[in-house]
Amino acid sequence: IQRSTEIGIRRALGHTRRTIAQQFLLEAMAVGFLGGILGVLLGALAIFVASINIAGGFLVTLTFAIIIVFLTLAAQFESFLNPFIILLAVPLAITGALGALFIAGVSVNVYSQIGMILLVGLVAKNGILIVEFSNQLRNEGHDILTAVREASISRLRPIVMTSITSVFAALPLAFAHGAGAESRVAIGVVIIGGVLFSTALT
């Protein structure tokens, strides 16, 4: 009696991994339910299905992280507008992180998602420096355009220095080798890509 077997799937032209995974899972669940067969996914399909399962939890965690940072900044600045302006850098950081993962050939996994959550706090400091100093200039009587321009110029150097420091601190993670290197590489690549992209555009 053959108690186990392994089934390989090749992607046909015109079909994506998502559609193949969905169709395969539907048929596998039907066979498993009717025939009492226990199926275990292996390889790229297992990684793909696992990424689908954890995607919902990641979005919830990321949302809570943004809300916590927003409320903290709102209490600090006593305003809801300033935190909103500061957190506009978060989508740019996530975009840069995804681009870095694609270039480096690293999959979107739990560790890369942890790095994206870290980016919420790392990229917010750029906006904090500019917004805080521009508020000080406005209190001194400057108009909003002059205050923003002067704050951006005067805070450019510390922003660049802290961003470069963050990137260099993540380099050992991005080029890690040995046991457990996959998790460290994912976090390092996300931090480097997100910080560089958000700093360049903000």
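Here are some short exercises on the structure above, each with a worked solution.

Keep in mind that this is a predicted model, where local features need pLDDT of at least 70, side-chain atom pairs count only at pLDDT 80 or more, and totals for chains, interfaces and linings use all residues. Residues are numbered from 1 along each chain as its sequence is written, and side-chain values use heavy atoms, with hydrogens and water left out.

**Exercise 1.** Work out how many helices and strands the protein has.

*Solution.* Start with the rule: helices (H or I, at least four residues) and strands (E, at least two) are DSSP runs, numbered from the N terminus. Counting that way gives 8 helices and 0 strands. Along the sequence, the pattern reads α-α-α-α-α-α-α-α.

**Exercise 2.** Find out which residues of H4 are buried, and where they sit on the helix.

*Solution.* First, pin down the helix: H4 covers residues 89-104, which makes 16 residues. Next, sort by cover: buried means under 20% relative accessible area, exposed over 50%, and partly exposed in between (1.4 Å probe, protein chains only). In H4, the buried ones are Ala89, Val90, Ala93, Ile94, Gly96, Ala97, Ala100 and Leu101. Now look down the axis of H4: these buried residues fall within an arc of 165°, so they line one face of the helix. (The arc is that of the directions from the helix axis to the C-beta atoms.) Over on the other side of H4, Phe102 and Ile103 are exposed. Step just past H4 and you meet Gly105, with a positive phi of about 75°.

**Exercise 3.** Decide whether Glu78 is buried or exposed, and check its phi.

*Solution.* Locate Glu78 first: it's in the loop between helix H2 (43-77) and H3. Its relative accessibility is 74%, so Glu78 counts as exposed. Then check the backbone: Glu78 isn't a glycine, yet its phi is positive, at about 55°.

**Exercise 4.** Place Ser163 in its helix and find what its side chain lies 2.8 Å from.

*Solution.* Ser163 belongs to helix H7 (residues 156-174). Its relative accessible area is 5%, so Ser163 is buried. Finally, look at the side chain: a polar atom of Ser163 lies 2.8 Å from the backbone oxygen of Ile159.

**Exercise 5.** Say what share of the protein's residues count as buried.

*Solution.* Take the whole protein, 202 residues, and apply the buried cut-off from Exercise 2: 31% of the residues count as buried.

Methods:
Expected span 1.5 Å × (residues − 1). Polar contact = N/O pair within 3.5 Å; in protein donor to acceptor, adjacent residues only side chain to side chain.
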